[in-house]
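Hi,

Here is the structure I said I would pass on. Have a look at it first, and then read on for what turned up in it.

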Amino acid sequence: MTSQPDQKPTEGNRIDPGGFLGHFDLERLESGNGRARHKMVIQDRHLRTLGIVHGGVTATLLDSVMGNAAWTLSKPDHYVVTVQMNVNYIRPAWVGETLFATGEVMHSGSQTLITRDEVRTGQDALVATATATFMQVPHPTGSGNIPQKEDEA
């Protein structure tokens, strides 16, 4: 299993970085070879008015999984950071629904990676799609708390 520099796996494949993403209860189902798949169960705290999931929650799920997919193909000792993302919202999600986000790298260049993603419910209803561009950024020298990919360890 690989992990993003800003994420650490805990309790199985739960993503709990102790920061912003800790509010989403993401579970990493797949990560490697330019692909990633995450799972999230919508809870009350993820909702906006009208009882539907907030668009920022959906965008965060999309960004996280595409970033994970991009990171699996990044250069050794590099982060990936989002430099552009486009989201298309198809239908709302409601509390209790399980969302599955599947991201993949469409192009891996020397500096940037282009990704695409879609979020679907457990019943396979399309919730959102996205594309994004990620830039590879070297880790600061001496950063001892950044997880390594399995092939770098």
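Before the details, one term: a nonpolar core here is a set of buried Ala, Val, Leu, Ile, Met, Phe, Trp, Tyr and Cys residues joined through side-chain atoms within 4.5 Å. Please also keep in mind that this is a predicted model.

With that term in hand, which residues of the largest nonpolar core touch the most other members? That core has 30 residues, and the ones in question are Leu26, Met40, Leu61, Leu62, Leu99 and Val119. Two or more core residues come from each of strand S4 (35-41), helix H1 (55-71), S5, strand S6 (98-108), S7 and S8. H1 gives the largest share, nine residues.

Now the overall layout. The chain has one helix and eight strands, and along the sequence they run β-β-β-β-α-β-β-β-β. Of its 153 residues, 41% count as buried. If you look at contacts with a separation of 6 or more, 61% of them are between residues 24 or more positions apart. The accessible surface is about 7,700 Å², and carbon and sulfur atoms make up 51% of that.

The helix

H1 is largely enclosed by the rest of the structure, because 14 of its 17 residues are buried. Its length works out too: at 1.5 Å a residue, the 17 residues should span 24 Å, and the end C-alpha atoms are indeed 24 Å apart.

Two of the helix residues are worth a click. Leucine 62, already named among the core residues with the most contacts to other members, touches Val87, Asp117, Glu118, Val119, Ala128, Thr129 and Ala130, leaving aside residues up to four places away in sequence. Asparagine 68 also lies in H1. Is asparagine 68 buried or exposed? Its relative accessible area is 0%, so it counts as buried. The side chain of asparagine 68 has a polar contact of 3.0 Å with the side chain of serine 31.

The strands around S8

Strand S8 (residues 126-138) pairs with strand S5 (residues 78-89) in the antiparallel sense, over eleven bridges. In that pairing, tyrosine 89 sits opposite alanine 128 of S8. S8 also pairs with strand S7 (residues 112-121), again antiparallel, over nine bridges. There, threonine 115 has alanine 132 in S8 as its bridge partner. S7 and S8 make a hairpin with four residues between them, and aspartate 124 in the turn has a positive phi of about 75 degrees.

For a single residue to look at in this region, try threonine 133, which is in S8. Threonine 133 counts as buried, because its relative accessibility is 17% and the cut-off for buried is under 20%. Leaving out residues up to four places away in sequence, threonine 133 touches Val81, Thr82, Val83, Gln84, Thr112, Leu113 and Ile114.

Arginine 37

Over in strand S4 you will find arginine 37. At 29% relative accessibility, arginine 37 counts as partly exposed. How far apart are the C-alpha atoms of arginine 37 and threonine 102? They are separated by 4.4 Å, although the two residues are 65 residues apart along the chain. The side chains of arginine 37 and threonine 102 are also joined by a polar contact of 3.3 Å. Not counting residues up to four places away in sequence, the residues touched by arginine 37 are Glu27, Arg28, Leu29, Glu30, Val65, Phe100, Ala101 and Thr102.

Two loop residues with positive phi

Asparagine 33 is not a glycine, yet it has a positive phi of about 55 degrees. You can find asparagine 33 in the loop between strand S3 (26-32) and S4. With a relative accessibility of 76%, asparagine 33 counts as exposed.

Aspartate 77 also has a positive phi, near 60 degrees, and is a residue other than glycine. The place to look for aspartate 77 is the loop between H1 and S5. Its relative accessible area is 41%, so aspartate 77 is partly exposed.

Those are the places I would click through in the viewer. Happy browsing!

Definitions and conventions
Residues are numbered from 1 along each chain as its sequence is written. This is a predicted model: local features need pLDDT of at least 70, side-chain atom pairs count only at pLDDT 80 or more; totals for chains, interfaces and linings use all residues. Side-chain values use heavy atoms; hydrogens and water are left out. Two strands pair if DSSP finds at least two bridges between them. Buried means under 20% relative accessible area, exposed over 50%, partly exposed in between (1.4 Å probe, protein chains only). Contact means heavy atoms within 4.5 Å. A polar contact is a pair of N or O atoms within 3.5 Å; within protein, one must be able to donate a hydrogen and the other to accept it, and residues adjacent in sequence count only if both atoms are side-chain atoms. The expected span of a helix is 1.5 Å times one less than its number of residues. Accessible areas come from the Shrake-Rupley method with a 1.4 Å probe; for residues, only the protein chains shown count as cover.
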